[in-house]
Amino acid sequence: MKIALLEPLGIPAEVLAQYQAGLEARGHTMTCYGDKTTDPAELLRRTGDSDIAIIANNPYPASVVEGAPNLKLLNVAFTGVDHVALDACRAKGVTVCNAAGYSTQCVAELALGLAVACLRQLPPADAATRQGGSGAPFRGREIAGRTVGIVGTGAIGTRTAQLFQAFGAKVIAYSRTRRPEVEGMGVTYVSLEELMAQSDIVSIHVPNNAQTKGMISRDLLARMKDTAILLNVARGAIVDNAALADALNQGKLAGAGIDVFDMEPPLPADYPLLHAKNTVLTPHVAFATEESMLRRAEIVFRNVDAFLAGAPENVVPL
């Protein structure tokens with residue numbers, strides 16, 4: 001079969017070469033592109049007559065799916081697939097796989113990092129130090145003893161809960177599906193409204209879909225304590241970010257640590273959260289560590305092998 005890697009996977013060239021050589025030794029061909037593109041015409045050109053296309057987090061629109069004559073597998077080197085034209089894949093009979101699990105540890109770690117950065121005021125403390133200031137204004141707060149609300153107890157949400165518990169926090173959770181193993185960790189499930197009202201830290205860990213888009217609404221944000229912080233390392237569209245910026249600027253929230261936005265960075269200069277008080281912002285990097293990129297590549301090429309063997313893995317329901 002013909003395989004096309006349409007964008008870099010963030011792994012060393014020699015590692016990619018090993019995967020490529022393994023496939024070519026079995027009679028398959030693989031073309032790799034070393035840069036990213038969001039141009040549909042270029043994506044279609046790169047896909048060409050390939051049977052398998054591999055992408056990461058760049059959009060893959062319906063026009064490309066429909067125009068690729070031989071496409072059978074769209075192998076997404078990412079956990080979320082909301083950037084893929086899934087309806088077009090379903091209509092054309094294209095199997096979609098993802099790389100679920102590769103970023104569990106690193107995303108959970110960044111959630112903890114953002115929490116510490118917010119509670120200990122690390123960005124302004126860093127700036128003050130560089131400008132000759134003292135530590136007098138920077139009395140922080142600890143995670144230990146606080147209530148952390150986890151919204152979504154999939155793999156990442158569950159790992160984040162474990163890390164917060166290791167810091168000494170009490171963890172509560174909201175999820176459409178209650179998992180006995182999470183309850184076995186000592187986590188109590190509550191309604192979303194209760195979670196927002198009770199938590200000192202709220203951490204978002206749900207996918208972006210029709211049910212979750214905008215779920216953290218202005219009304220729910222208004223239920224939060226004015227001493228609370230919100231963390232989002234999931235998807236930007238889950239939160240009403242204009243309402244979040246308003247709450248921060250009005251002192252109705254103590255802070256926010258945000259890695260994801262309504263669009264991919266770079267953000268426009270007038271984006272509300274860029275001008276909101278007490279924010280720690282990162283440009284969608286939670287998934288990106290040296291270790292996670294190697295794990296991701298392993299899953300991606302295992303997906304290829306499984307599909308070629310007639311037993312696809314990590315299949316996304318369409």
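Two strands are taken to pair where DSSP finds at least two bridges between them. In this predicted model, strand β6 (residues 147-151) and strand β9 (residues 201-204) satisfy that criterion, being joined in the parallel sense over 4 bridges. Within this pairing, Val151 stands opposite Ile204 in β9.

Both strands belong to an open sheet of 7 strands, ordered β8-β7-β6-β9-β10-β11-β12, in which the pairing is parallel. The sheet is bounded by the edge strands β8 (188-189) and β12 (279-281), each of which pairs on one side only. Helix α5 packs on this sheet and touches β9, β10 (229-232), β11 (255-258) and β12; the direction of α5 makes about 150° with that of β10. Helix α11 (residues 241-249) lies across β10, β11 and β12 and runs at about 145° to β11.

Helix α5 (residues 104-119) also meets helix α7 (residues 155-166), the two axes coming within 8 Å and crossing at roughly 45°. This angle makes α5 oblique to α7. The crossing of α5 past α7 is right-handed. On the α5 side, the contact is made by Thr104, Gln105, Val107, Ala108, Glu109, Ala111, Leu112 and Ala115; α7 contributes Ala155, Ile156, Arg159, Thr160, Leu163 and Phe164. By residue class, the contact of α5 with α7 comprises 9 nonpolar, 3 polar and 2 charged residues.

A further open sheet is formed by 5 strands in the order β2-β1-β3-β4-β5, and its pairing is parallel. Its edge strands are β2 (29-32) and β5 (95-97), each pairing on one side only. On average, neighbouring strands of this sheet are turned by 15° against each other, direction ignored. Strand β4 (residues 73-76) runs parallel to β5 and is joined to β5 by 3 bridges; in β5, Thr95 is the residue opposite Leu73. Helix α12 (residues 290-308) packs on the sheet and touches β1 (2-5), β2, β3 (52-55), β4 and β5. The direction of α12 makes about 165° with that of β3.

The structure also holds 3 aromatic pairs. In one of them, formed by Tyr19 and Phe301, the ring centres are 4.4 Å apart and the planes lie at 10°; the pair is therefore stacked, planes under 30 degrees apart being counted as such. Because Tyr19 lies in helix α1 (residues 13-24) and Phe301 in helix α12, the pair ties together parts that are 282 residues apart in sequence.

Methods:
Residues are numbered from 1 along each chain as its sequence is written. This is a predicted model: local features need pLDDT of at least 70, side-chain atom pairs count only at pLDDT 80 or more; totals for chains, interfaces and linings use all residues. Side-chain values use heavy atoms; hydrogens and water are left out. Axes are lines fitted to C-alpha atoms, for helices over the stretch in contact, and angles run from 0 to 180 degrees between N-to-C directions. Helices (H or I, at least four residues) and strands (E, at least two) are DSSP runs, numbered from the N terminus. Angles under 35 degrees count as roughly parallel, over 145 as roughly antiparallel, 65 to 115 as roughly perpendicular and the rest as oblique. A crossing is left-handed if the near helix is turned anticlockwise from the far one by less than a right angle, and right-handed if clockwise. Contact means heavy atoms within 4.5 Å. Ala, Val, Leu, Ile, Met, Phe, Trp, Tyr, Cys and Pro count as nonpolar, Asp, Glu, Lys and Arg as charged, and the others, Gly among them, as polar. Rings of Phe, Tyr and Trp (its six-membered ring) pair if their centres lie within 6.5 Å; planes under 30 degrees apart count as stacked, over 60 as edge-to-face and the rest as tilted.
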